[in-house]
Amino acid sequence: MKDPTKDPCPYRIINDTGSSFAMGAIGGGLFNAFKGFHNSPRGQKFSGMTTAIKTKAPISAGNFAVWGGLFAGVDCTLSSIRGKEDSWNSIWSGAITGGLLAMRSGPTTACASAVMGGVLLAVIEGVGHAINNASSSMYKPQPANIPEEDKTK
Amino acid sequence: MSQRSEQPQESSYVKDVLGDLNVDVDTLKPINKDKSIEYVKIDENPLDLLKTKEEKERELEREKRLKIVKSWAYLPMKTNGEKLLYGCGVSYLTGLCGGGLYGFLKGWTKPQPVLNYKLRLNRALNLSTKYGPWAGNSMGVLGLMYTSFDSILNSIRKDEPNDYYNHIGAGFISGALYKSTAGLKVATLSGGIFAGMVALCGLGTKAIQETKEKIKEKKEQY
């Protein structure tokens, strides 16, 4: 079964990379703008803000993009191997991505971050399912209104 | 029957709705057969290697039956949001791969006093991890700005949507904004360079299209 809300698989990697990059860039930009403005001394607030955005927003965007792209790639490979697209795919791919990105800092850290990634994706998928159930129960199929039989004829 | 017609919900038929329409075959303009419809093709499986033989044959048969002339669309970009996301992703990935490759080659070909394979690989990997994310981040930010300014300009200049001047203007604004902290001169220079690159891309695609049409005309002549 294919998920109609997402793009088809090889394109999804690019789309997910782009969306996570955009999220990281805009979110990191706003966060670092506030932080740089707050932390710089009086008289240099604006220049501090711009340097904070310039130096730190692209880095957070890149980190986000690596996470999203790797996640989408693992998701696509898992779905092509298993032949179906469901929530387990994304949970497992979250765990694998978390493990892969923390691989260089030792096996225990990698395992911990893999579990963290899996739990995070499980929570996201669970919330999505809950919202989906709640919104779809509003439009339950109702029986048709059958008109009464015409007895005059 | 009289009772039924008094009911508020009267059943309507297609004939009642479309009965007033005067449909004449001659008045309907047929599709120009010389220039058959051009479909934009977005394949679910763009890699030809992964397709089975049956799938390929079925596709070819379908194209022959429907007389489809298709132009390959590389990415399913329809709305502005999709354009932004795909543009961002493509620019980030090309920056990452290109920067990584450049750094790797630079580290690999650097002259060294003692020939040592391990040290050479280490240097190459170090430089590739240094250049790759840098190029990827810069390209991604540029792509994000370019696509967003492009859609903003498109929505402002509603008279001529998808005009190529929109792309060039978006290129200039994003290039200038990217280097805006380095001074006015550098900003205008970088904006001009970026706009020039966009314009060159447009001229190149136009030239390729024209040559393709010329080749088609020559083939039809023979």
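**Exercises on aromatic rings and the nonpolar core**

In this predicted model, the charged end of Lys130(B) sits over the ring of Tyr131(B), at 5.5 Å from the ring centre. A second lysine, Lys45(A), lies over the face of Phe37(A), 5.4 Å from the centre of that ring.

**Exercise 1.** Determine whether the ring pair of Tyr146(B) and Phe194(B) is stacked or edge-to-face, and locate both residues.

*Solution.* A pair of aromatic rings is described by the distance of the centres and the angle of the planes. For Tyr146(B) and Phe194(B), the centres are 6.2 Å apart. The planes stand at 80°, so the pair is edge-to-face. Tyr146(B) belongs to helix α5 of chain B and Phe194(B) to helix α7 of chain B, so that 48 residues separate them and the pair links distant parts of the chain. Both residues are buried.

**Exercise 2.** Describe the pair formed by Phe104(B) and Trp108(B) and state whether Phe104(B) is buried or exposed.

*Solution.* The structure holds six aromatic pairs over all chains. In this one, the centres are 5.9 Å apart and the planes differ by 10°, and the pair is stacked. Both residues lie in helix α4 of chain B, four residues apart, about one turn of the helix. Because its relative accessibility is 29%, Phe104(B) counts as partly exposed; Trp108(B), at 25%, is likewise partly exposed. Ring pairs also join Tyr117(B) to these two residues in a cluster.

**Exercise 3.** Identify the element that gives the largest share of the largest nonpolar core.

*Solution.* This core has 16 residues, and Phe21(A), Ala25(A), Leu144(B) and Tyr146(B) have the most contacts inside it. Helices of both chains contribute two or more residues, among them α1 of chain A and α5 of chain B. The largest share, six residues, comes from α5(B).

How values were computed: Residues are numbered from 1 along each chain as its sequence is written. Chains are lettered from A and ligands numbered from 1 in the order in which they are written. This is a predicted model: local features need pLDDT of at least 70, side-chain atom pairs count only at pLDDT 80 or more; totals for chains, interfaces and linings use all residues. Side-chain values use heavy atoms; hydrogens and water are left out. A nonpolar core is a set of buried Ala, Val, Leu, Ile, Met, Phe, Trp, Tyr and Cys residues joined through side-chain atoms within 4.5 Å. Buried means under 20% relative accessible area, exposed over 50%, partly exposed in between (1.4 Å probe, protein chains only). Rings of Phe, Tyr and Trp (its six-membered ring) pair if their centres lie within 6.5 Å; planes under 30 degrees apart count as stacked, over 60 as edge-to-face and the rest as tilted. A charge sits over a ring if NZ of Lys or CZ of Arg is within 6 Å of the ring centre and within 35 degrees of the ring normal.
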